[in-house]
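Here are my notes on this model, set out as numbered points. Please read them with the structure open beside you.

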Amino acid sequence: MTIITYDEFDRVDLRSGTIVKVEEFPRAKKPAFKVWADFGAGIGVLQTSAQVTIHYTPESLLGRAIVGCVNLGEKNIAGFTSQFLLLGFPDESGAICLVTADPKAPNGQKMC
């Protein structure tokens, strides 16, 4: 485990969002979906690639409350621009289980 300062942690911008669109992503090297999430009026809709195909279908992701890191910059993934990191934890077999807010927080709220 690496210890960081609170100021370092505070620079990580984790926000609440809602998944608004999901598409299959056949060009990805590992099975993945293209995911669009609404992070509220201040940030808007951002897109990412997510390897979450084991526990989720496109239909089950739509409308789901999620947590995303929105200040990592853009990354090209198989010709698709990823604009945020969708947060999750691996289960015992390594498949991703998404982080969520329960009850749902308004889109765009910064984690505190």
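Which residues lie nearest the centre of the largest pocket, and how many residues line that pocket?

1. The model is a predicted one, and the pocket is a natural place to begin. The lining of the largest pocket comprises 25 residues, and those nearest its centre are T48, S49, I77, S82 and L85. Two or more lining residues come from each of the elements β3, β5, β7 (85-86) and β9.

2. The space in this largest pocket amounts to about 540 Å³. Sorted by class, its lining consists of 13 nonpolar, 8 polar and 4 charged residues.

3. Strand β3, which spans residues 45-50, is largely enclosed by the rest of the structure, because 5 of its 6 residues are buried, where buried stands for a relative accessible area under 20%. Strand β3 also pairs with strand β2 (residues 33-38) in the antiparallel sense, over 6 bridges, and within this pairing V45 of β3 is the bridge partner of D38.

4. β2 and β3 together form a hairpin with 6 residues between them, and in its turn G40 takes a positive phi of about 90°.

5. A78 deserves a look at its backbone, since this residue has a positive phi of about 50° although it is not a glycine. A78 is found in the loop between β5 (75-77) and β6 (80-82), and it counts as partly exposed because its relative accessibility is 29%, with the partly exposed class lying between 20% and 50%.

6. Please also check the peptide bond from D102 to P103, which is cis, with omega near 0°; P103 is placed in the segment after β9 (96-98).

Conventions: Residues numbered from 1 in each chain as written. Predicted model: local features only at pLDDT ≥ 70, side-chain atom pairs only at ≥ 80, totals over all residues. Heavy atoms only, no water. Buried < 20%, exposed > 50% of the residue type's maximum accessible area, 1.4 Å probe, protein only. Helix = DSSP H or I, 4+ residues; strand = E, 2+ residues; numbered from the N terminus. Pairing = 2+ DSSP bridges. 1 Å grid on protein atoms, 1.4 Å probe; cavity = no way out; pocket = protein on both sides within 12 Å on 5 of 7 lines; lining within 4 Å. Points joined across faces, edges and corners; volume = space filled by probe spheres on them. Nonpolar A, V, L, I, M, F, W, Y, C, P; charged D, E, K, R; others polar.
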